[in-house]
Protein chains: 2
Amino acid sequence: MIQELKASYGHIFEEALINEIIQVGTYKEIPEGYKLMDIGEYIKGMPLLISGAIKVLREDNDGDELLLYYLEQGDTCSMTLTCCMSDAKSEIRAIAETDTKLIMVPVQKMEEWTAKYKSWRNFIFNSYHNRLNELLTTLDSIAFDKMDMRLIGYLKEKARINKEDTIQNTHQEIAYDLHTSRVVISRLLKKLEQMGKIELHRNYIKILDL
Amino acid sequence: MIQELKASYGHIFEEALINEIIQVGTYKEIPEGYKLMDIGEYIKGMPLLISGAIKVLREDNDGDELLLYYLEQGDTCSMTLTCCMSDAKSEIRAIAETDTKLIMVPVQKMEEWTAKYKSWRNFIFNSYHNRLNELLTTLDSIAFDKMDMRLIGYLKEKARINKEDTIQNTHQEIAYDLHTSRVVISRLLKKLEQMGKIELHRNYIKILDL
DNA sequence: GCTAGGCAGTAACAATGGTTACATAGTATT
DNA sequence: AATACTATGTAACCATTGTTACTGCCTAGC
């Protein structure tokens, strides 16, 4: 675990901070000393991602949802923290997209480290900044792009995150992430197939040349 | 100036920090000791808003734009800072919506204060958090609402920010902010008028009951 | 093999929003 | 007052997306 942790955060954090993080990790009950999330598990609080990917969604009152962005190795997401802290029901949901290794940072450690370590402060600021930029990218695609472009972007990103050239999803699931209907996605996917960019199969899509 | 500053930030910052901010303010060339922005002026860097309002826009490569949110008294926006710092052309534009009093925080003071003052750190974190939430609200309305609802939200927010019940804008300007066309806005505004919710005039709109 | 349930293909239609084009009405300049 | 410019009203049309409905197909469970 220590190797993995250093590989993900060693170039960012001071030695002393890394040691504290290891301690927090080893407090956890899981033998390896940190948390393993299964696909589909919900994340609450502030995670330090060591491997895998987490999908962050926006949800509105009517149950409509929308994919915001993915978290990857070396990322964190203060939003999942601050959302849970503030009473405001700032509805954000974070779900493990793949099997994921991470360390959950306790709230009081978070405060402590912010005062104590410059590298931690910078990390948190950078994290906020990166999340903001990703939100803006998402917002761009919704505001400025048509659905065909959004779909292509989605497929590319999903393939990148999962390090595969197949998307293991039904059309309905894609429709949820992009907040549209299954029929619309099927229609557009069929077009992409006719253009030779993808290959459609039951429950998965093979990317040829997007 | 000192009174105004304390009114905006006194309950947030430690006394010592307030004094440092006053010093930064009094370094500025303007007699009153801090910056006055005229309507339409561009903001670069990190502002501490004392009065007035700043409009923050997203811009894409084709010159399309979209209103993100407003900054008000007591707000700051680290995005306008970090955007200017990082070379990445994360296109955000901040413009004074009304005449505005503010203090521009120099970058090295920013760093210094973050290390030195807990209240400053909390302020910055809160700021990031608030900006994220406002971005999410904006994103919600784009993703989940139809144009008529977005327009109503826009009119309400604009009235609130300007503390008036008239919107001093042409249809074209509203269309830019919502990233749609003038004809669409005229159409919807006319509907709202027929419903008795607003009154249309040349160059301004009077809000009756939204 | 048979059946039920989930998944995908497709057609027909509706709704929303974007585009073009032109008319009319204020406003400013001379 | 004549002119030019800007803002608004409106109609007609198109493109994109959303909706409904029905089809066939695959797969799991019997």
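**Strands, helices and a matching pair of chains**

Guide: Thr166(A) stands opposite Lys206(A) in S9(A). Strands such as S9(A) are DSSP runs of E with at least two residues, while helices are runs of H or I with at least four, and both are numbered from the N terminus.

Visitor: Hang on, what kind of model is this, and how are things numbered?

Guide: This is a predicted model, where local features need pLDDT of at least 70, side-chain atom pairs count only at pLDDT 80 or more, and totals for chains, interfaces and linings use all residues. Residues are numbered from 1 along each chain as its sequence is written, and chains are lettered from A and ligands numbered from 1 in the order in which they are written.

Visitor: What does the pLDDT look like for chain A?

Guide: pLDDT is the predictor's confidence in each residue, from 0 to 100. Chain A averages 86, and 86% of its residues score at least 70. The model also scores ipTM 0.89 and pTM 0.90.

Visitor: Back to the strands: how many bridges join S7(A) to S9(A)?

Guide: There are 2, and the strands run antiparallel. Two strands pair if DSSP finds at least two bridges between them, so S7(A) and S9(A) qualify.

Visitor: What makes S7 and S8 of chain A the edge strands?

Guide: Start with the open sheet of chain A, with 3 strands in the order S7-S9-S8 and antiparallel pairing. Strand S7 (166-167) and strand S8 (198-201) of chain A each pair on one side only, and that is what puts them at the edges. There's a helix here too: H8(A) packs on this sheet and touches S8 and S9 of chain A, and its direction makes about 130° with that of S8(A).

Visitor: How are H7(A) and H8(A) placed, parallel or perpendicular?

Guide: Helix H7 (residues 171-178) and helix H8 (residues 182-194) of chain A pack at about 110°, with their axes 8 Å apart. The axes are lines fitted to C-alpha atoms, for helices over the stretch in contact, and angles run from 0 to 180 degrees between N-to-C directions. Under 35 degrees counts as roughly parallel, over 145 as roughly antiparallel, 65 to 115 as roughly perpendicular, and the rest as oblique. H7(A) and H8(A) are therefore roughly perpendicular to each other.

Visitor: Which residues make that contact?

Guide: Two residues are in contact if their C-beta atoms, placed from the backbone, lie within 7 Å. H7(A) supplies His171(A), Gln172(A), Ile174(A) and Ala175(A), and H8(A) supplies Arg182(A), Val184(A), Ile185(A), Ser186(A) and Leu189(A). That group divides into 5 nonpolar, 3 polar and 1 charged. Here Ala, Val, Leu, Ile, Met, Phe, Trp, Tyr, Cys and Pro count as nonpolar, Asp, Glu, Lys and Arg as charged, and the others, Gly among them, as polar.

Visitor: Over in chain B, what do S8(B) and S9(B) form?

Guide: A hairpin, with 2 residues between the strands; Asn203(B) in the turn has a positive phi of about 75°. Strand S8 (residues 198-201) of chain B and S9(B) pair in the antiparallel sense over 4 bridges, and His201(B) stands opposite Tyr204(B) in S9(B).

Visitor: Why are S4 and S5 of chain B said to stand at the edges?

Guide: Chain B has an open sheet of 3 strands in the order S4-S3-S5, with antiparallel pairing. Strand S4 (65-71) and strand S5 (92-96) of chain B each have a single partner strand, so one side of each is left without a neighbour in the sheet. The twist averages 25° from one strand to the next. S3(B) (residues 54-59) and S5(B) pair over 5 bridges, and Leu57(B) has Arg93(B) as its bridge partner in S5(B).

Visitor: How are the two copies related?

Guide: A turn of 180° and a shift of 0.0 Å along the axis lay chain B on chain A with an RMSD of 0.0 Å. They are thus related as by a two-fold rotation axis. The superposition is by least squares on the C-alpha atoms of residues with pLDDT of at least 70 in both copies.

Visitor: And how many residues of the two chains are in contact?

Guide: 24 residues of chain B are in contact with 24 of chain A. On the chain B side, helix H3 (78-85), helix H4 (107-116) and helix H5 (118-144) each give two or more residues, with the largest share, 14 residues, from H5(B). By class, that side has 11 nonpolar, 6 polar and 7 charged residues.

Visitor: How do you know which surface each copy uses?

Guide: 100% of the interface residues of chain B are also interface residues in chain A, so the copies meet through the same surface.
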